Amino acid sequence: MIAYVRGRLAAKSSDRVVVETAGGVGYEVTVPLGVMERLPGTGTEVTLATELVVREDGWALYGFLDEAERRFFQRLTSVSGVGPKLAVAVMSALGVERGARAVREKNIALLSSVSGIGRKTAERLALELGDKVDEFVDGAAVPIVAGAEAALKALERLGYSTPQADRALREALAGNGGAVLETEALVRRALQLLTTR
């Protein structure tokens, strides 16, 4: 297994990078969007934690900026029917912490909003990984409570994507100091956050 790749960031494209090692070997590495956004410019020295995936049709290397990201990728791909491309899609759309929270809280709507993930796959992720992702979830994060589901659906009906609505509701709940909000008030507060961005 290739545990990590260290070298010069030789090239960046939409979903992959090339890391050239000191020995002159260039490794093509597929990375999630969040990793791509945090990478330095080309020509800079980088170290990526990597996961080598061997399939009948070829080998592929997936890269991450830390071990936690790699472990979350491994956890996702341990689920039947979730390959590396779907795992990268989850990490790109939701990130590690939000993705883990969605799995733990069995937020099927949010999980199935990820491109390529249908309801059945989302349910499988929640069922198989629900109690195995605590290490990736920030303890201080505000969970989406059952009453907020109606607010989430209302925002979706107004045309906001599930991830947008989810993020705004969590911010609204976090900014409320723990007080309970009625669905209508929660929707109003989330809309204020969404329209001021």
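## One side of a helix

In helix α8 of this predicted model, the residues Leu-186, Val-187, Ala-190 and Leu-194 are buried. Why do they fall on the same side of α8? They cover an arc of only 100° around the axis, which puts them on one side of the helix. An α-helix has 3.6 residues a turn, so residues three or four places apart point the same way.

The other side of α8 carries Glu-184, Gln-192 and Thr-195, which are exposed. The helix runs over residues 183-195 and has 13 residues. From its first C-alpha to its last, α8 reaches 18 Å, close to the 18 Å expected at 1.5 Å a residue.

## The chain as a whole

How many helices and strands does the protein chain have? There are 8 helices and 5 strands. Along the sequence, these elements follow the pattern β-β-β-α-β-β-α-α-α-α-α-α-α. The pattern opens with three strands, then has one helix, two strands and a run of helices up to the end.

The protein chain has 197 residues, and buried residues make up 41% of them. Buried here stands for a relative accessible area under 20%, and exposed for one over 50%; residues in between are called partly exposed.

## The largest pocket

The largest pocket holds about 490 Å³ of space. Its lining is made up of 24 residues. Which of them lie nearest the centre of the pocket? They are Thr-30, Trp-59, Ala-60, Leu-61 and Tyr-62. Rolling a probe the size of a water molecule over the atoms shows where empty space is left.

Two or more lining residues come from each of the strands β3 (26-30), β4 (45-55) and β5 (58-64), and from the helix α3 (84-104). Strand β5 gives the largest share of the lining, 5 residues. Sorted by class, the lining has 13 nonpolar, 5 polar and 6 charged residues.

## Aromatic rings

The structure holds 3 aromatic pairs. One of these is formed by Phe-64 and Phe-73, with 5.1 Å from centre to centre. The planes of the two rings are at 45° to each other, and the pair is tilted.

Are Phe-64 and Phe-73 buried or exposed? Both are buried. Together with Tyr-62, Phe-64 and Phe-73 form one aromatic cluster. Tyr-62 also appears in the pocket, among the lining residues nearest its centre.

## The loop between α3 and α4

Two residues of the loop between α3 and α4 are described here. Lys-106 is in this loop, and its phi is near 55°, a positive value in a residue other than glycine. With a relative accessible area of 46%, Lys-106 is partly exposed.

Asn-107 is also placed in the loop between α3 and α4, the latter covering residues 108-111. Is Asn-107 buried or exposed? Its relative accessibility is 4%, so Asn-107 counts as buried. The C-alpha atoms of Asn-107 and Ala-122 are separated by 8.4 Å, and the two residues are 15 residues apart along the chain.

## Three partly exposed residues

Glu-20 lies in strand β2, which covers residues 16-20. This residue counts as partly exposed because its relative accessibility is 29%. Glu-20 and Ala-10 are 10 residues apart in sequence, and their C-alpha atoms are 6.0 Å apart in space.

Arg-71 is found in helix α2, residues 67-77. At 31% relative accessibility, Arg-71 counts as partly exposed. How far apart are Arg-71 and Phe-136 in sequence and in space, and what are the two values? They are 65 residues apart in sequence and 9.2 Å apart in space, C-alpha to C-alpha.

Glu-156 belongs to helix α6, residues 148-157. Its relative accessibility is 27%, so Glu-156 counts as partly exposed. Between the C-alpha atoms of Glu-156 and Asp-166 there is a separation of 9.5 Å, with their places 10 residues apart along the chain counted as the sequence distance.

Definitions and conventions:
Residues numbered from 1 in each chain as written. Predicted model: local features only at pLDDT ≥ 70, side-chain atom pairs only at ≥ 80, totals over all residues. Heavy atoms only, no water. 1 Å grid on protein atoms, 1.4 Å probe; cavity = no way out; pocket = protein on both sides within 12 Å on 5 of 7 lines; lining within 4 Å. Points joined across faces, edges and corners; volume = space filled by probe spheres on them. Helix = DSSP H or I, 4+ residues; strand = E, 2+ residues; numbered from the N terminus. Nonpolar A, V, L, I, M, F, W, Y, C, P; charged D, E, K, R; others polar. Expected span 1.5 Å × (residues − 1). Buried < 20%, exposed > 50% of the residue type's maximum accessible area, 1.4 Å probe, protein only. Arc of directions from axis to C-beta. Phe/Tyr/Trp six-rings, centres within 6.5 Å; stacked < 30°, edge-to-face > 60°.
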